[in-house]
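Me: I am new to reading protein models. Could you take me through this one with a few questions and answers?

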Amino acid sequence: MIFDLIGAGKVGKAFGKYLYSTGNQIGHVVNSSIESAKRAVEFMGCGTPSTIDEIGNCDVLLLGVKDDIIRQSFLKVKDKLQGVKAVGHFSGAYPSSILRECDEMKIGRFSIHPNASFANPEIWKKIENVYFVIDGNDQGKEIIRELFKTFNIKFSEISEQNKIFYHIGAVFASNFVVGIQEVSNELYSMAGLEPEISRMLSLYLAKQAIENVENMGIKGALTGPVVRGDYQLVEAEKMALMDLDPDIGVLYGKFAQILRERVMKTEHS
């Protein structure tokens with residue numbers, strides 16, 4: 001199949017390179033500038049740097065733009081889709097129905113969201129190990145089902161109504177972990193540790209915690225002052241943070257509350 005791509009950012013260009021590696025073709029590649037489109041094409045090893053006016057004459061149009069401009073990007077090209085079989089985007093939060101005009105045009109629509117971080121562009125080599133979640137109309141889902149099954153890509157289908165909660169779950173599992181690492185590094189440094197040591201300790205504990213969750217379940221992996229019942233210490237640490245940075249102090253208190261009221265009382269964790 002021939003895929004056009006609007007928005008060749010981290011996800012778009014990695015998925016495009018994977019498609020090319022599996023025998024598909026990349027046609028037009030549109031980015032914020034021709035120069036950035038050229039860099040994306042160079043990375044993928046295929047495609048033609050283009051403007052949005054050149055989109056069309058493809059089997060599938062992929063929208064890799066940031067979530068908030070998916071719809072407006074689609075509306076710019078919806079009259080250029082003669083012969084296109086389907087249009088899809090990569091958002092985990094927005095459903096494919098933001099491309100609802102496809103239904104009237106008898107074109108497939110879909111969304112595919114990878115449960116993985118694309119910070120490292122070399123992830124294209126491991127796409128078959130990434131679990132995707134999809135939604136769409138019948139035509140769109142059929143195209144993606146066949147594509148993913150051909151390449152043994154694992155996926156689940158999700159209802160549009162509950163998709164926002166799926167994406168929030170992904171944010172908690174990935175993005176917020178990065179933010180917590182930053183806070184941990186800052187606090188270690190405030191205690192007088194060298195930045196390299198702070199980073200090493202934060203990463204070691206985070207990796208150990210994830211390994212323990214995998215091996216022992218969420219509840220079994222929990223350690224620290226909350227599970228020990230050291231609530232005076234928890235309160236003292238919270239107040240120390242409130243004096244230093246009220247936002248972090250509130251965050252600490254909320255997380256301690258989650259551990260106490262959700263994790264420790266959850267039987268199935």
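Me: Which residues form a nonpolar patch on the surface?
Reply: A patch is made of residues with over 30% relative accessible area and no salt bridge, where nonpolar side chains (Val, Leu, Ile, Met, Phe, Trp, Tyr) are joined within 5 Å and like charges within 9 Å. This is a predicted model, in which local features need pLDDT of at least 70 and side-chain atom pairs count only at pLDDT 80 or more, while totals for chains, interfaces and linings use all residues. Residues are numbered from 1 along each chain as its sequence is written, and side-chain values use heavy atoms, with hydrogens and water left out. The patch has about 500 Å² of accessible area together (Shrake-Rupley method, 1.4 Å probe, only the protein chains shown counting as cover), and its members are Ile 164, Phe 165, Ile 168, Phe 172 and Phe 176.

Me: How many salt bridges does a search of the whole structure find?
Reply: A salt bridge is a side-chain nitrogen of Lys or Arg within 4 Å of a carboxyl oxygen of Asp or Glu. One of them joins Glu 101 and Arg 71, whose closest N and O atoms are 2.6 Å apart. The search of the whole structure finds 12.

Me: Is Asp 59, the salt-bridge partner of Lys 85, buried or exposed?
Reply: The closest N and O atoms of Lys 85 and Asp 59 are 3.8 Å apart. Buried means under 20% relative accessible area, exposed over 50%, and partly exposed in between (1.4 Å probe, protein chains only). Because its relative accessibility is 19%, Asp 59 counts as buried.
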